[in-house]
Amino acid sequence: MRNEPAISPNDDLRKEYDLSRLKGGVRGKYYGRAAAGTNLVLIQPDLADVFPNSEAVNRALRILAEAAQAATTPKRRRKLSK
């Protein structure tokens, strides 16, 4: 009878996979490339209830950005005619 290692019920890795053959792996190898194309922002749970999807968040942010831009844009003064 062979002594086989005990397999925990949470172990998803099959016995036939030989981990000693997996060499040269680099953790986070593509992280920079993936992060460059993504702008991920996490919101608090109470805000997630108000904004159920990305379209709602984008709509609210566009309204806020337009209001902020309108508030900071200097108004042109009209010349008074004499």
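A residue is called exposed when its relative accessible area is over 50%, buried when that value is under 20%, and partly exposed in between. These terms are applied below to a predicted model, in which the protein chain has 82 residues, with buried residues making up 1% of them. The accessible surface of this chain comes to about 9,300 Å², and carbon and sulfur atoms account for 54% of that area.

In its secondary structure, the protein chain contains 3 helices and 0 strands, so that the pattern read along the sequence is α-α-α. Helix α1 covers residues 31-36, and Tyr17 is placed in the segment before this helix.

Side chains of opposite charge can pair when their charged atoms come close. The structure holds 1 salt bridge, and the two side chains that meet in it are those of Arg14 and Glu16, with a distance of 3.8 Å from N to O. By the cut-off given at the start, Arg14 and Glu16 are both exposed.

Tyr17 also takes part in a nonpolar surface patch of about 430 Å², which is made by this residue together with Leu13, Leu19 and Leu22. The relative accessible area of Tyr17 is 46%, and Tyr17 is therefore classed as partly exposed, because this class lies between the limits of 20% and 50%.

Attention then turns to the space between the atoms. Rolling a probe the size of a water molecule over the atoms shows where empty space is left. In this model, the largest pocket holds about 230 Å³ of space, and its lining is formed by Asn39, Val41, Ile43, Leu47, Phe51, Val57, Ala60 and Leu61. When these lining residues are sorted by character, 7 are nonpolar and 1 is polar, while no charged residue is found in the lining. Helix α3, which spans residues 54-72, supplies the largest share of this lining, with 3 residues.

Note on methods
Residues numbered from 1 in each chain as written. Predicted model: local features only at pLDDT ≥ 70, side-chain atom pairs only at ≥ 80, totals over all residues. Heavy atoms only, no water. 1 Å grid on protein atoms, 1.4 Å probe; cavity = no way out; pocket = protein on both sides within 12 Å on 5 of 7 lines; lining within 4 Å. Points joined across faces, edges and corners; volume = space filled by probe spheres on them. Helix = DSSP H or I, 4+ residues; strand = E, 2+ residues; numbered from the N terminus. Nonpolar A, V, L, I, M, F, W, Y, C, P; charged D, E, K, R; others polar. Buried < 20%, exposed > 50% of the residue type's maximum accessible area, 1.4 Å probe, protein only. Areas by Shrake-Rupley, 256 points an atom, 1.4 Å probe, with all protein chains shown as cover. Salt bridge = Lys/Arg side-chain N within 4 Å of Asp/Glu carboxyl O. Patch = residues over 30% accessible without salt bridge, like charges linked within 9 Å, V, L, I, M, F, W, Y side chains within 5 Å.
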